[in-house]
Amino acid sequence: MSVQKININRFLELAKTIRIADVRSPSEYKSGHIPGSVSIPLFNDKEREIVGTKYKKEGRLPAILEGLALTGPSIRSKLEQGLSIARDGKLLVHCWRGGMRSEAMAWLFSMGDLEVFVLEGGYKSFRHLVLEKLSERRKMVVLGGMTGSSKTHILRFLNTMGEQVIDLEKLANHKGSAFGSLGQPPQPSTEHFANLLFTEFDKLNRDLPVWLEDESRNIGTVFMPDAFYLNMQDTPSVVMVMDIRTRLPRLMKEYSVYPPESLKASVLKISKRLGGEMTNDAIEAIDTGDFAKAIGIVLSYYDKAYLYGLRKKSSANITYVSTDTDDIEVNALKVMEAAGNLKW
């Protein structure tokens, strides 16, 4: 069957119905990949290193021969993997920059009677598109508020109302504080987080606003793309104003289920910022089961940090919404009403 080279835009359009085979090494795939792609590496990490060294020291042909010797025994398995994920006899293929690895695997898959489409410029061209698109100005609304203001729950409710929402914390597998990793799967790399973010934005209507939760530059170990983060800081914000007594019950319900040792480990992550006395008080409160006191101590730090960051934003871009309830629907409606007066 045929092998065609196509650009990134056509590649992503076809990817809506055709599976992608990422033929880079496992470590490259782990660092970041096109969401939904399947790893079928031509070389494992050690083999890639061997072939790369051969190419640098001896040239192209010796490297090709070495590659053939290394992959020969696994050629059948690679073809079978390609056949297993193909849809209607078609398969998309890419390597790092659209070179020899994707060409070799495309040839192999075509021998299995597949129609193969190879990405010009490889994964590198996808990454270029990701960073370019995430740098563009978008119509966004940032929902802010101090820790425990139920921002994530409000955004999810808005989504059920038909609003466009991107859950940054869900993409990052982290809730954004020292306690944010509790109960979460491993975080993606910063590179792959950007890939996921681009993919989510690509699904949405550019003419309608997108709701996001206010975040610091990093969510756990994941950092947002610089240009995207700066755009977030300069976009209209709706900020929930909620008393600590209203926020406390939900936080106790969400975090008291975790083992005390996990909670104490999270407190220790911010011990330098809390100070020795407050850190000890929070640890002691956890040990005695006084979660309200422990959470109150931690909130005293996070509230100050949030207000400090909020002062860096232009006041003209901020709309405050006061509430004395933790009712998600009530607060979501208040937020929607406030958003109706925003200008982009």
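Which helix lies across β6 and β8, and at about what angle does that helix run to β6? In this predicted model, the helix is α11, lying across both strands and running at about 75° to β6. That crossing is a handy way into the sheet that β6 and β8 belong to.

This sheet is open and built from five strands, ordered β7-β8-β6-β11-β12, with parallel pairing. At its edges stand β7 (164–165) and β12, each with a single partner strand, so one side of each has no neighbour in the sheet. Going inward, β6 and β8 (residues 210–213) pair in the parallel sense through four bridges, and here Val141 sits opposite Trp211 of β8. On to the next pairing: β6 (residues 140–145) is also joined to β11, again by four bridges and again parallel. Gly145 has Met240 in β11 as its bridge partner.

Then comes β11 itself. Five of the six residues in this strand (residues 237–242) are buried, so β11 is largely enclosed by the rest of the structure. Its pairing with β12 (residues 318–323) is parallel too and runs over six bridges; Val241, for instance, has Ser322 in β12 as its bridge partner. As a rule of thumb for reading such strands, side chains in a regular strand alternate between the two faces of the sheet.

There is another open sheet of five strands, also paired in parallel, with the order β1-β5-β4-β2-β3. Its edge strands are β1 (3–6) and β3 (38–39), each pairing on one side only. Within this sheet, β4 (residues 90–94) and β5 (residues 115–119) run parallel and are joined by four bridges. Leu91 finds its bridge partner in Val116 of β5.

Now for the open space. The largest pocket holds about 1500 Å³ and is lined by 49 residues. Gly176, Ser177, Glu215, Ser216 and Tyr302 are the lining residues that lie nearest its centre. Several elements give two or more residues to this lining: α8 (151–160), α9 (168–172), β9 (218–219), α11 (226–233), α12 (244–255), α14 (271–274) and α16 (291–310). So much for the list; the top contributor is α16, which gives seven residues. And α11, the helix that lies across β6 and β8, is on the list as well. Sorted by class, the lining comes out at 13 nonpolar, 19 polar and 17 charged residues.

Definitions and conventions: Residues are numbered from 1 along each chain as its sequence is written. This is a predicted model: local features need pLDDT of at least 70, side-chain atom pairs count only at pLDDT 80 or more; totals for chains, interfaces and linings use all residues. Side-chain values use heavy atoms; hydrogens and water are left out. On a 1 Å grid over the protein atoms alone, a cavity is a set of points where a 1.4 Å probe fits but cannot get out, and a pocket is an open set with protein on both sides within 12 Å along at least five of seven lines; lining residues have an atom within 4 Å of a point. Grid points are joined across faces, edges and corners, and a volume is the space filled by probe spheres set on the points. Ala, Val, Leu, Ile, Met, Phe, Trp, Tyr, Cys and Pro count as nonpolar, Asp, Glu, Lys and Arg as charged, and the others, Gly among them, as polar. Two strands pair if DSSP finds at least two bridges between them. Buried means under 20% relative accessible area, exposed over 50%, partly exposed in between (1.4 Å probe, protein chains only). Contact means heavy atoms within 4.5 Å. Axes are lines fitted to C-alpha atoms, for helices over the stretch in contact, and angles run from 0 to 180 degrees between N-to-C directions.
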